[in-house]
Amino acid sequence: MRFFEYEAREIVKRAGIPVTDYGFTTDPAEARAIAERIGGPTVIKSQVLTGGRMKAGGVKFADTPAEAEAHARAILALEINGHMPRGVLVDPKAEVEQEYYAGVVWDGIRKQPVMIFSPVGGIDIEQVAAEQPDKVGRRHFSNILPFSEFQAKEVIASTGVTGSALNKLVPIVTRLAKLFTANDMILAEINPLGRLADGSFVALDAHMDIENEARGRHKPLLADLGVGDEETRQAREATPFELAGEEVDATDHRGVAGNVTEFDGNLGLVIGAGGGSLTLFDAVRAHGGHPANYCEIGGNPSVAKACGLAKLVLQKPGVDKIAVMMSIVSNTRVDIVARGVIKACLELGYDPAEKIAIFRIPGAWEEEGFKILEQYHVEYADRSVSLNEAARRAVEKIGADAS
Amino acid sequence: MSILIDSDTTFIVQGITGREAVNLTRECLDYGAGAKVVGGVTPGRLGRDVHGVPVFDTVAQAVAHHGAPIDGSVVTVPPAFTKDAVFEAIENGVKLIVIVTERIPRRDVAEMVELATLRGARIIGPNCLGIIVPDVIKMGGIGGPAKNAAQAYTPGPIGVISRSGGMTTEMSSTLSAAGLGQSTAVSIGGDAIIGSSYAELMGLFEADEQTQGIVIYTEPGGRMEAELARWVTDNNSRLPIVAFMAGRFMDEMPGMSFGHAGTIVEGKEDTASEKIARLAQAHITVAERIEDIPAIIGDKIAARQSAGANA
Amino acid sequence: MRKDGVFIAVDVDDAVVADSALAAKLVEVCPVDIYALAQGPPATLDIVEANLDECVLCRLCLDAAPPGTIKVLKLYDSESVLV
Ligand code: SF4
């Protein structure tokens, strides 16, 4: 889960890394008060979880508190890439001599965190790495041995930085590495890290992303920052249809029938499991089909849950038929899913044979499942029909490119 | 032969009294020659048994009871306790650990993997279904009940490595139907950081005489395919590889996660199209459809063999 | 007593319904809560209609009661009886 800049700066500050004397607000009048307290020119920055805010007019410079208020009012009303700002950050306009970059991310191949440092900051680090590779230092560090300052020193020195700058940067990069680990971050980045006229360093912007699976062990931090459990901060806000899908999945604790994502097609998908869903979604599209949704069934859900998911998809406006398809199941039971989807049709007053374009789930309890499908005259397929062929038949039934 | 496990492999199940673990134990005991499940561990349950397998409070007790080092462990404890359970297994001399548990934070996974590496142990998973050697042994829930596993998996020359547990079975079943059995199939897990990647298993398959070709299942997210491509080129691998890439639609949806935890397009290198290009450079064919895989890998193996015969 | 779902029906002999000890045992063994205790006293057996279609055909209830006293019927298979 990504943090807003004002939250990320707070995390940086708590770790003992110097930050500017900024303020966060959702109120233009308060922005003026913060600017007055700062005294001097300020920068007003939109707090949105999307890139390109500078270009979109989400960052403005103010010479006076009155100007800060006016900019804050404009920015608070400015939508950027479909996101309304959470608020604005009022920041002193620092006199920066040089901008640096410091970050920590995971290296999934080495399976260790890697520190990245560059004396060229303020721009995208990937761009620096491409254009001036000798200006980017990288160093992995152990997951189980204690972090030691020399590791930070080495990565900074490898980029040619020396003198008092080096000595002042070592504790900052050390603290960043430690906060990355301590907070289960998957990204911890200070960019730019500014060197001021007096030689001191200050974090001017920060990006932090905490691993979702680890949120449970950072409740105090999240509570302090005012981040609620329900806040997921996905790339796109969940739609009412997707929220209804979460409700279906929460009906009971048996298995999964969820991870519903909304699309705008006419073919409803009741599919699984993780890898099977990805494969099937691709296959439907490859045959010219228009999925109404993505979803995942797995872990042997109850009949009620499979029924709830199928009902949700069947009731989605524009959905004509559903295709019920999974890769070969060994834990989830064919008969249980068959009962669920047929029940969904019956309860909505539909003929299952009409509404279910195809049922392709081979595997555990398939003999029993196929009997049920035969009874209701639903077209089904066993493992001799590939996922791809099943998807093709489903699309054919609904009419490719019909919508 | 096979990789990682064979009919002599002994293992324990940590968290053996959980509902899924009870089923998994039954399945492993029933499959092939019957796995040597020499114990189970659930703290506080010493003295019980699960399908005849004795339950202990600690791994040390299980090892003492067995009277010899234990080769492996299947770990099925909840995410908050997994790291401790894996450390316990490693420190008690277990060399092969299959982690079934999902939703483990990657810092924990990274710590487990680093300790395993220090101790000469190997981790498969997390978030995986384990390992199967057709008709011989399975370690984990892979393939499901013995009867279902026997329907999908047959012995033969193909090594299967998959980020999706279910797709390991789907692909193996397709290979079996075409007369191409499997030497060993490994479900490696779908998380961003896992114990054994494709490249980290390739050396084992390379050294296994039974294995003549490799089939992998892959998804967007991460750099494991690039690592595989590099390994194949650097080691001048004798094994032809065919890959299947699911989730191509995700290229249009950066930042959204589908399927497994590791499946998210964050940068250009993570995209399906970029990965396909990299694999192609290393002469790894990316099949458009699963049903095309048997013919492609079959042809590639035949081509290698005739090239070898002519040389 | 017999109750029907869409796919599964359960038919229990009256003697079993009236036997509170057996009723309690059935409530315990069924993994999907198809059996419940009716308001007593004395406690008798009830069948939870809403859960009937969740039956996983595990036979645990058949094993818990005297042979032939409980029938689990597959309505999708000409009312064939689970044995
Ligand atoms: S067969 Fe199993 S699930 Fe069905 S009613 Fe009997 S105990 Fe319950």
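The following legends describe close-up views of a predicted model, centred on the interface of chain A and chain C. Local features need pLDDT of at least 70 and side-chain atom pairs count only at pLDDT 80 or more, whereas totals for chains, interfaces and linings use all residues. Residues are numbered from 1 along each chain as its sequence is written, chains are lettered from A in the order in which they are written, and side-chain values use heavy atoms, with hydrogens and water left out.

**View 1. Contact and buried area between chain A and chain C.** Contact (heavy atoms within 4.5 Å) links 17 residues of chain A with 13 residues of chain C. The two chains bury about 1,300 Å² between them, 52% of it on carbon and sulfur atoms; buried area is the accessible area (1.4 Å probe) that two parts lose on being put together, summed over both. On the side of chain A, the most area is lost by A:Arg339, A:Lys343 and A:Glu368, together 38% of what that side buries.

**View 2. Salt bridges between chain A and chain C.** Four salt bridges (a side-chain nitrogen of Lys or Arg within 4 Å of a carboxyl oxygen of Asp or Glu) are counted between these chains. One of them joins the side chains of A:Lys371 and C:Asp77, at 3.4 Å from N to O.

**View 3. Helices of chain A that touch chain C.** At least two residues of this side come from each of α10 (303–314), α11 (334–347) and α13 (366–375), helices being DSSP runs of H or I with at least four residues. The most is given by α11(A), with six residues.
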